[in-house]
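Me: Hi! Could you walk me through how the helices in this one pack, and then a few backbone oddities?

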Amino acid sequence: MCPKARFTGYTLDGGYAEFTVADERYCVPIPESYSDAGAAPLLCAGLIGYRSLARAGDANRLGIYGFGAAAHIVAQVARHEGRSVYAFTRRGDEDAQQFAKGLGAVWAGASDERPPEELDAAIIFAPVGALVPAALAAVRKGGTVVCGGIHMSDIPSFPYELLWGERSLCSVANLTRRDAQEFMRVAPEVPVRTTTETFRLEQANEALDQLRRGKLQGAGVLVMGDPGARA
């Protein structure tokens, strides 16, 4: 929320440095049970997802739009908490839908479909503004829709009826230190198992291209050296 926030790799150099200096107040221990590659998705996708889940409240029936890096982690935490997960993917993406069901989703379908039951809350990770009215239409009165992405295309106009009934629409900008501490404690308790596809540093553009085309299952991770070796 800081108006002067700075981000490594975006407004600050050093994202690929061998060593860096960090303020210890903003460092959290990573559970020892994770390899480097296995822990990488916990740090951004996992933490933002955990923050989004908190903003969704105590929703029992939870919809997740866009089943990528953050969603595949959040779904595991939600199931651990006894929630029912409903996964929404691109139309025709049967691989992603089966992936979601394999992680415990009770239903998986296209993002333009209505779930078999009204949702208590929904989290949108896909950067598609048109999903906002779709998610509002899927949640019950009093339900919440959380926009968990940093960027999103323009939200189209929609009838007030979709918001009426004390439905709430909110965004997640970042996370707190408490979120990070809690999530790093919760992750090994679930335990969260991250699904990753590793790429060499020089394959970064290929990884981004696969991400844009929805070809990654779970999270893509850049590693130094042989991507087939254990980090």
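Reply: Happy to; here is a short tour of helix packing and backbone geometry. This is a predicted model, with local features needing pLDDT of at least 70 and side-chain atom pairs counting only at pLDDT 80 or more, while totals for chains, interfaces and linings use all residues. Residues are numbered from 1 along each chain as its sequence is written, and side-chain values use heavy atoms, leaving out hydrogens and water.

Me: Great. At what angle do helix 1 and helix 2 pack?

Reply: Helix 1 (residues 36–55) and helix 2 (residues 69–80) pack at about 55°, with axes 8 Å apart. Helices here are DSSP runs of H or I with at least four residues, strands are E runs of at least two, and both are numbered from the N terminus. Axes are lines fitted to C-alpha atoms, for helices over the stretch in contact, and angles run from 0 to 180 degrees between N-to-C directions.

Me: What do we call helix 1 relative to helix 2?

Reply: That angle makes helix 1 oblique to helix 2. The classes are roughly parallel under 35 degrees, roughly antiparallel over 145, roughly perpendicular from 65 to 115, and oblique for the rest.

Me: Which residues of helix 1 and helix 2 meet?

Reply: From helix 1, P41, L42, A45, G46, G49, Y50 and L53 meet A69, A70, I73, V74, V77 and A78 of helix 2 (contact means heavy atoms within 4.5 Å). The residues of this contact divide into eleven nonpolar, two polar and no charged. Ala, Val, Leu, Ile, Met, Phe, Trp, Tyr, Cys and Pro count as nonpolar, Asp, Glu, Lys and Arg as charged, and the others, Gly among them, as polar.

Me: And how do helix 1 and helix 5 pack?

Reply: Helix 1 and helix 5 pack at about 105°, with axes 10 Å apart. That makes helix 1 roughly perpendicular to helix 5. L42, L43, G46, L47, Y50 and R51 in helix 1 meet D179, A180, E182, F183, M184 and V186 in helix 5. By class, that contact has eight nonpolar, one polar and three charged residues.

Me: Switching to the backbone: where is the kink in helix 1 centred?

Reply: On A45, with a kink of about 40°. The bend at a residue is the angle between axes fitted to the seven residues ending there and the seven starting there. Just after helix 1, G57 takes a positive phi of about 75°.

Me: Which peptide bond is cis?

Reply: The one from V190 to P191, with omega near -15°. P191 is in the loop between helix 5 (177–189) and strand 7 (196–200).

Me: What about the phi of E166?

Reply: E166 has a positive phi of about 60° although it is not a glycine. E166 lies in the loop between strand 5 (139–147) and strand 6 (168–171).
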